[in-house]
Amino acid sequence: MIEENLRKVRAHIPQQVTLVAVSKTKPNSSIMAAYQEGQRSFGENKVQDLAAKAEVLPKDIQWHMIGHLQSNKVKFIAPFVHLIHGVDSFKLLKEIDKRAKQHDRIIDCLLQVHIAKESSKFGLGLEELKHLLSSSLDLKHVAVKGFMGMATYTSNTSIIEKEFAYLKQIFSQFQKTNQELQILSMGMSGDYSLAIEHGSTMVRVGSAIFGSRL
Ligand SMILES: *Cc1c(COP(=O)(O)O)cnc(C)c1O
């Protein structure tokens, strides 16, 4: 089932768009089923789960931290994490830099931009984004590679489209002055095709691959 779902999702995703298989709450056996199909990028939203899975699963998996990350937990994933998607404060960025330095590595990050209507969703406003991006240039062990956004949870596709288009526009704008920005992480199971139409380079797909989370 997972194998078949994965093939279906892949059929909708162009070569140049990275598929992150969101395996949160799913057992290692599910991850291995996708792995056997050639999937190597996986996303988790809890530090404990990410660390536990990385410990026992194949070492060539690229682990993405997609959830909200607390500064005091960065140390648990700093040795191995491939990309941190949801960075939304300088405090967090500084902590990532500090822990990356301890492991003699540079950790790639995405800044989370607030695009949804819901005020409950995390993410930076435009001014904060500008600020954080310029502050990040002083940190030698983090590399801001792009932006991440989550659209409003709604069945109204025109709202989702507007939000994706808005994020793409901001991304393109910042790209003009920052060559490092290459990744635009937007799109989940329900809206990844729409996200790709609007310039996404990385989609985070969970339930469409692994089934619903109950
Ligand atoms: C859970 C999650 C996803 C995947 O959601 P699906 O709807 O199952 O594809 C993507 N991004 C983030 C940040 C998530 O927490």
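In this predicted model, the shell of residues around the ligand divides by class into 6 nonpolar, 3 polar and 3 charged residues. Reading along the chain, the residues that surround the ligand are Val 22, Lys 24, Ile 66, Met 148, Met 150, Met 188, Ser 189, Arg 204, Val 205, Gly 206, Ser 207 and Arg 213.

Some members of this shell can be followed down to single atoms. Lys 24 places a polar side-chain atom 2.7 Å from an oxygen atom of the ligand, and Ser 189 likewise has a polar side-chain atom that lies 2.5 Å from an oxygen atom of the ligand. With Ser 207, it is a backbone N or O atom that lies 2.8 Å from an oxygen atom of the ligand. On its own the ligand has 390 Å² of accessible area, and the protein covers 90% of this area.

From the ligand we can turn to empty space in the protein. Rolling a probe the size of a water molecule over the atoms shows where such space is left. The second largest pocket has a volume of about 300 Å³, and of the 12 residues that line this pocket, Thr 152, Tyr 153, Thr 154, Gly 190 and Asp 191 are the closest to its centre. Sorted by class, the lining of the second largest pocket consists of 6 nonpolar, 4 polar and 2 charged residues.

Charged side chains also pair with one another, and the structure holds 7 salt bridges. One of them joins Asp 60 to Arg 40, with the closest N and O atoms 3.1 Å apart. Because Asp 60 lies in the loop between α3 (47-56) and β3 (62-65), while Arg 40 lies in the loop between α2 (28-36) and β2 (41-44), the pair ties together parts that are 20 residues apart in sequence.

Methods. Residues numbered from 1 in each chain as written. Predicted model: local features only at pLDDT ≥ 70, side-chain atom pairs only at ≥ 80, totals over all residues. Heavy atoms only, no water. Near = heavy atom within 4 Å. Polar contact = N/O pair within 3.5 Å; in protein donor to acceptor, adjacent residues only side chain to side chain. Areas by Shrake-Rupley, 256 points an atom, 1.4 Å probe, with all protein chains shown as cover. Nonpolar A, V, L, I, M, F, W, Y, C, P; charged D, E, K, R; others polar. 1 Å grid on protein atoms, 1.4 Å probe; cavity = no way out; pocket = protein on both sides within 12 Å on 5 of 7 lines; lining within 4 Å. Points joined across faces, edges and corners; volume = space filled by probe spheres on them. Salt bridge = Lys/Arg side-chain N within 4 Å of Asp/Glu carboxyl O. Helix = DSSP H or I, 4+ residues; strand = E, 2+ residues; numbered from the N terminus.
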